Amino acid sequence: MTQRKTLLFIAHTPSPNLERLANAFIDGVTAAQCSNIDIRHSAPLTSNADELNTASAVVLLTPENLGYMSGAMKDWFDRIYYPCLDSQQGLPVAAIIKAGHDGTGTHKALSTITTGLRWRWVQAPLICKGEWQDSWLEDVHDLGSAMAVGLSEGMM
Ligand SMILES: Cc1cc2nc3c(=O)[nH]c(=O)nc-3n(C[C@H](O)[C@H](O)[C@H](O)COP(=O)(O)O)c2cc1C
């Protein structure tokens, strides 16, 4: 029997555009039709270490605010860091950063924290910055499908 795996999607979506990106990611996972993959969609403020410990991979969606990831996402890392430090080494991770004009501060912060956690990036973060582009929805949808298929087929 194929092993069931949970893809955890931690999404902070305080604006309609962030909601659109989150929905595109979930649609991408669903479109891949991987019967052994469960998508679990949580907000960072309500997610915790127990939930992360159920995950076989994690994808993060955060805005860049004041040169950093959102405070909610940072709070999530603060709470999961030590409880998951040993249990989730090697966890496949990907991220979507929604930025008004930059995104580099958030990218750097995510790199630093996930290096400490010894997580494994499956691809560089998608940085959606500047004027809204509909092509981001396709990129994020494709990321969702790729994560689902990669996890389903044991490629990550
Ligand atoms: C308080 C605040 C601080 C922000 N700081 C940054 C920033 O440092 N760099 C950046 O690229 N965008 C910044 N932004 C823009 C947000 O990243 C952007 O509003 C967010 O991604 C949501 O996108 P939307 O406004 O298109 O819905 C900031 C927005 C707010 C409200």
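Reader: Which residue stands opposite K5 in β2?

Author: I37 stands opposite K5 there. Note that the model is a predicted one.

Reader: What makes β1 and β2 a pair, and in which sense do they run?

Author: Two strands pair if DSSP finds at least two bridges between them. Between β1 and β2 (residues 37-42) there are 6 bridges. The pair qualifies, and its sense is parallel. L8 gives another example, with R40 as its bridge partner in β2. The chain gets from β1 to β2 by way of helix α1 (residues 16-31), in a right-handed β-α-β crossover.

Reader: What makes that crossover right-handed?

Author: The rule is about viewing direction. With the strands pointing away from the viewer, a right-handed path from the first strand over the helix to the second runs clockwise. The path from β1 through α1 to β2 is right-handed.

Reader: How do you know that β1 pairs with β3?

Author: The same bridge rule applies: at least two are needed. β1 and β3 (residues 57-65) are joined by 5 bridges and run parallel. F9, for instance, has V59 as its bridge partner in β3.

Reader: Why is β1 called largely enclosed?

Author: A residue is buried if 20 or more other C-beta atoms lie within 10 Å of its own. In β1 (residues 5-11), 5 of the 7 residues are buried, so the strand is largely enclosed by the rest of the structure.

Reader: Why is α1 called oblique to α5?

Author: Their packing angle is about 40°, and their axes are 7 Å apart. Angles under 35 degrees count as roughly parallel, and 65 to 115 as roughly perpendicular. The angle between the two helices falls in neither range, so α1 is oblique to α5. The crossing of α1 and α5 is right-handed.

Reader: Which residues make the contact between α1 and α5?

Author: From α1 come R20, L21, A24, F25, I26, D27, G28, V29 and A31. From α5 (residues 135-152) come W136, L137, V140, H141, D142, L143, G144, S145, M147 and A148.

Reader: What makes the two faces of β7 opposite in burial?

Author: Side chains alternate along β7 (residues 126-129). L126 and C128 point to one face and are buried. I127 and K129 point to the other face and are not buried.

Reader: How do you know that β5 and β7 pair?

Author: At least two bridges are required. β5 (residues 92-99) and β7 have 4, in the parallel sense. Across them, I97 stands opposite I127.

Reader: Is G103 buried or exposed, and what makes it so?

Author: G103 is in the loop between β5 and α4 (104-117). It has 21 other C-beta atoms within 10 Å. The cut-off for burial is 20 or more, so G103 is buried.

Reader: Which residues is G103 in contact with, beyond its neighbours within four places in sequence?

Author: They are E64, I97, I127 and K129. K129 is 26 residues from G103 along the chain, and their C-alpha atoms are separated by 7.0 Å.

Reader: Why is A94 called buried?

Author: A94 is in strand β5. With 23 other C-beta atoms within 10 Å against a cut-off of 20 or more, A94 is buried. It touches V59, W121, V122, Q123, L143 and M147, not counting residues up to four places away in sequence. From A94 to K129, C-alpha to C-alpha, the separation is 17 Å.

Reader: Why is A72 called partly exposed?

Author: A72 belongs to helix α3 (residues 71-84). Its count is 19 other C-beta atoms within 10 Å. Burial takes 20 or more, and exposure takes 12 or fewer. The count lies in between, so A72 is partly exposed. Beyond its neighbours within four places in sequence, A72 is in contact with H12, P44 and L45.

Reader: Why does R118 count as exposed?

Author: R118 has 12 C-beta neighbours inside 10 Å. The limit is 12 or fewer, so R118 counts as exposed. Its place is the loop between α4 and β6 (120-121). Its phi is near 60°, a positive value in a residue other than glycine.

Reader: What makes L66 exposed?

Author: L66 has 8 C-beta neighbours inside 10 Å. Exposure takes 12 or fewer, so L66 counts as exposed. L66 lies in the loop between β3 and β4 (68-69). Its phi is near 55°, a positive value in a residue other than glycine.

Key: Residues are numbered from 1 along each chain as its sequence is written. This is a predicted model: local features need pLDDT of at least 70, side-chain atom pairs count only at pLDDT 80 or more; totals for chains, interfaces and linings use all residues. Axes are lines fitted to C-alpha atoms, for helices over the stretch in contact, and angles run from 0 to 180 degrees between N-to-C directions. Angles under 35 degrees count as roughly parallel, over 145 as roughly antiparallel, 65 to 115 as roughly perpendicular and the rest as oblique. A crossing is left-handed if the near helix is turned anticlockwise from the far one by less than a right angle, and right-handed if clockwise. Two residues are in contact if their C-beta atoms, placed from the backbone, lie within 7 Å.
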